[in-house]
Amino acid sequence: NWTQTNHPNAISSSPEVYINAADKGDEGWYYMQVSHPDCSTRIDSVYITVKNKAAIAPCSPANNAVSFSSIPDIAPATVSWSFDPSWNRRLLEARGAIGYPDFKIYFNTFWDTREPEDGEYSIVNMSATGEYPPYTVYISSLYSGIFFQAGSGKVYVSHVNNKLRVTFCNIPLTGSSGGPAFNTTASGALTAP
């Protein structure tokens with residue numbers, strides 16, 4: 001019998017375990033128990049690590065800067081990497097001078113106590129960053145009373161000199177201040193201090 005830390009019931013009663021498309025939920029300890037009426041029971045285990053698929057950003061923007069298509073750029077940006085207690089999520093944030101936009105990247109709650117892995121992450125709404133799969137982020141920006149949000153796209157997480165870096169290319173953002181909708185795109189790279 002095979003069991004796994006993330007599954008309370010036996011996952012297999014045959015000599016092998018097959019995982020067709022491993023994802024983060026398959027990571028953990030796998031325990032094998034072998035028994036026979038004429039022999040003593042034997043138990044062994046193995047830990048399986050599942051990593052995000054490596055991906056490289058399709059653009060090379062300047063580091064610690066965010067370029068927008070229709071609002072002022074943040075260059076240079078003051079970058080912080082912290083835990084936001086109001087949303088209970090890790091946050092990579094860029095700020096410019098007073099009167100300039102901010103830019104916030106909230107990570108999935110899976111990464112609250114872990115360092116985010118390198119690779120491609122999908123942009124989702126805020127509530128989905130508490131759900132599975134863990135390779136998701138939520139992006140927002142506030143400028144001149146307009147709250148912009150990214151509804152789709154990808155960001156690319158890497159580590160440079162052991163510091164988290166998130167790169168994004170032409171991410172569409174939509175916002176409103178209670179009237180007509182405003183649109184912009186954002187490209188940039190932010191490295192945690």
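**Exercise 1.** Find how the residues lining the largest pocket divide into nonpolar, polar and charged.

*Solution.* This is a predicted model, where local features need pLDDT of at least 70, side-chain atom pairs count only at pLDDT 80 or more, and totals for chains, interfaces and linings use all residues. Residues are numbered from 1 along each chain as its sequence is written, and side-chain values use heavy atoms, without hydrogens and water.

Step 1. List the lining: Ala-55, Ile-56, Ala-57, Cys-59, Ser-60, Pro-61, Tyr-156, Val-157, Ser-158, Val-160, Arg-165 and Thr-167.

Step 2. Sort by class. Ala, Val, Leu, Ile, Met, Phe, Trp, Tyr, Cys and Pro count as nonpolar; Asp, Glu, Lys and Arg as charged; the others, Gly among them, as polar.

Step 3. The result is eight nonpolar, three polar and one charged.

**Exercise 2.** Locate the two cis peptide bonds that precede Pro-76 and Pro-133.

*Solution.* Step 1. Ala-75 and Pro-76 are joined in cis, with omega about -5°. Pro-76 sits in the loop between β5 (65-68) and β6 (78-84). Strands here are DSSP runs (E, at least two residues), numbered from the N terminus.

Step 2. Tyr-132 and Pro-133 are also joined in cis, with omega about 10°. The loop between β9 (119-123) and β10 (136-143) holds Pro-133.

Step 3. Compare with the general rule: most peptide bonds are trans.

**Exercise 3.** Decide whether Asn-170 is buried or exposed.

*Solution.* Step 1. Asn-170 lies in strand β13. Its phi is positive, about 50°, although it is not a glycine.

Step 2. Apply the cut-offs: buried is under 20% relative accessible area, exposed over 50%, partly exposed in between (1.4 Å probe, protein chains only).

Step 3. Asn-170 has 55% relative accessibility, so it counts as exposed.

Key
1 Å grid on protein atoms, 1.4 Å probe; cavity = no way out; pocket = protein on both sides within 12 Å on 5 of 7 lines; lining within 4 Å. Helix = DSSP H or I, 4+ residues; strand = E, 2+ residues; numbered from the N terminus.
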